[in-house]
Amino acid sequence: MTEKEKMISGGLFDCSDPELMENKKRARKLTQKFNNTSEDEDLLRKEILRELLGKCGEKILIKPPFHCDYGYNINVGENFFMNFDCVFLDAAPINIGDNFMCAPKVCIFSVTHPKNSEERAKGMAVSLPVNIGNNVWIGGGAIVMPGVSIGDNAIIGAGSVVTKNVPANTVVAGNPARIIENLPISDDNFK
């Protein structure tokens with residue numbers, strides 16, 4: 001397996017692999033181009049995002065600046081909104097459903113480093129996919145850790161650190177995030 005294949009499949013991989021470094025360079029160029037656009041260049045922004053991201057719906061709005069590792073491992077649904085200054089480290093896939101709202105300074109990480117200090121010193125990493133359902137709202141400054149799944153209609157409180165899976169129809173908050181409220185199961189949760 002190549003280092004990229006290991007990375008995407010959740011294996012231990014070498015962060016300094018030349019192919020991965022070129023992929024990161026491509027993403028940096030595209031995010032720099034995106035981040036340097038103005039508000040009246042909506043069509044250009046969407047064009048850049050379609051080139052950068054693995055998949056995105058027609059209705060997508062990301063407010064610059066935005067940063068990611070690769071871009072091609074980020075898959076977002078329809079009606080996607082992300083506010084200023086978010087970071088998605090997408091070594092493994094980050095999959096997000098429809099009707100997603102994200103406040104400023106949210107970080108979603110699908111990469112971590114091994115507990116073994118010798119492997120860390122060699123520049124090794126491990127990737128774990130992040131899956132986020134439909135109708136999810138993430139508050140400002142929240143952090144979603146590698147391998148986490150967030151269910152439909154969930155709300156993540158501002159400043160939370162999400163280290164474990166979040167059930168559908170719940171509100172979580174804190175560090176580490178914990179359930180603080182169960183939402184009624186309804187299509188009206190966000191009206």
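## Ser127 and the sheet around strand S11

Ser127 is found in strand S11, where strands, like helices, are DSSP runs numbered from the N terminus (E, at least two residues for a strand; H or I, at least four for a helix). This is a predicted model, in which local features need pLDDT of at least 70 and side-chain atom pairs count only at pLDDT 80 or more, while totals for chains, interfaces and linings use all residues. Residues are numbered from 1 along each chain as its sequence is written, and side-chain values use heavy atoms, with hydrogens and water left out.

Ser127 counts as buried because its relative accessibility is 0%; buried stands for under 20% relative accessible area, exposed for over 50%, and partly exposed for what lies in between, with a 1.4 Å probe and protein chains only. Leaving aside neighbours within four places in sequence, Ser127 is in contact with Met7, Ile8, Gly10, Gly11, Phe13, Ala91, Ala92, Ser110 and Val111, a contact being heavy atoms within 4.5 Å.

Three strands form an open sheet in the order S1-S11-S10, with antiparallel pairing; two strands pair if DSSP finds at least two bridges between them. The edge strands of this sheet are S1 (12–14) and S10 (111–112), each of which pairs on one side only. S1 and S11 (residues 124–127) run antiparallel and are joined by three bridges, and the bridge partner of Asp14 in S11 is Met124.

## Parallel strands S3, S6 and S9

In a regular strand the side chains alternate between the two faces of the sheet. Strand S6 (residues 86–89) shows such alternation, with Cys86 and Phe88 pointing to one face and buried, while Val87 and Leu89 point to the other and are not buried.

S6 pairs in the parallel sense with S3 over three bridges, and Val87 in S6 is the bridge partner of His67. Three bridges also join S6 to strand S9 (residues 107–109), again in parallel, where the bridge partner of Leu89 is Phe109.

## Nonpolar cores and Ile74

The largest nonpolar core has 37 residues, of which Phe88, Ile108 and Ile138 touch the most other members; such a core is a set of buried Ala, Val, Leu, Ile, Met, Phe, Trp, Tyr and Cys residues joined through side-chain atoms within 4.5 Å. Apart from this core lies another, of eight residues, among them Phe13, Leu20, Ala91 and Ala125. Outside the four nearest places in sequence on either side, the contacts of Ile108 include Phe88 and Ile138, together with Val87, Leu89, Ile94, Ile96, Val130, Ile132 and Val144.

Ile74 has its place in strand S4 (residues 74–76) and is buried, with a relative accessible area of 1%. Not counting residues up to four places away in sequence, Ile74 touches Leu53, Gly54, Lys55, Phe66, Cys68, Phe88, Asp90 and Ile94.

## Helix H3 and the cavity

In helix H3 (residues 42–52), Arg45, Ile48, Leu49 and Leu52 are buried. They lie on the same side of H3 because they cover an arc of only 100° around the axis, the arc being that of the directions from the helix axis to the C-beta atoms. On the other side of H3, Leu43 and Glu47 are exposed. The cover over the buried residues of H3 includes helix H2 (18–35), strand S2 (60–62) and strand S3 (66–68).

A search of the whole structure finds one cavity of 30 Å³ or more, and the volume of the largest cavity is about 30 Å³. On a 1 Å grid over the protein atoms alone, a cavity is a set of points where a 1.4 Å probe fits but cannot get out, and lining residues have an atom within 4 Å of a point; grid points are joined across faces, edges and corners, and the volume is the space filled by probe spheres set on the points. The lining consists of Phe34, Asp42, Arg45, Lys46, Leu49, Ile60, Leu61 and Ile62. H3 and S2 are the elements that give two or more residues to this lining, and the largest share, four residues, comes from H3.

## The seven-stranded sheet

Seven strands form an open sheet of mixed pairing in the order S2-S5-S8-S13-S16-S18-S19, with S2 and S19 as edge strands that each pair on one side only. Within this sheet, strands S13 (residues 137–138) and S16 (residues 155–156) run parallel and are joined by two bridges, and Ile138 stands opposite Ile156 in S16.

S18 (residues 170–173) and S19 (residues 178–182) pair in the antiparallel sense over four bridges, with Ile179 in S19 as the bridge partner of Val172. S18 and S19 form a hairpin with four residues between them, and Gly174 in the turn has a positive phi of about 105°.

Conventions:
On a 1 Å grid over the protein atoms alone, a cavity is a set of points where a 1.4 Å probe fits but cannot get out, and a pocket is an open set with protein on both sides within 12 Å along at least five of seven lines; lining residues have an atom within 4 Å of a point.
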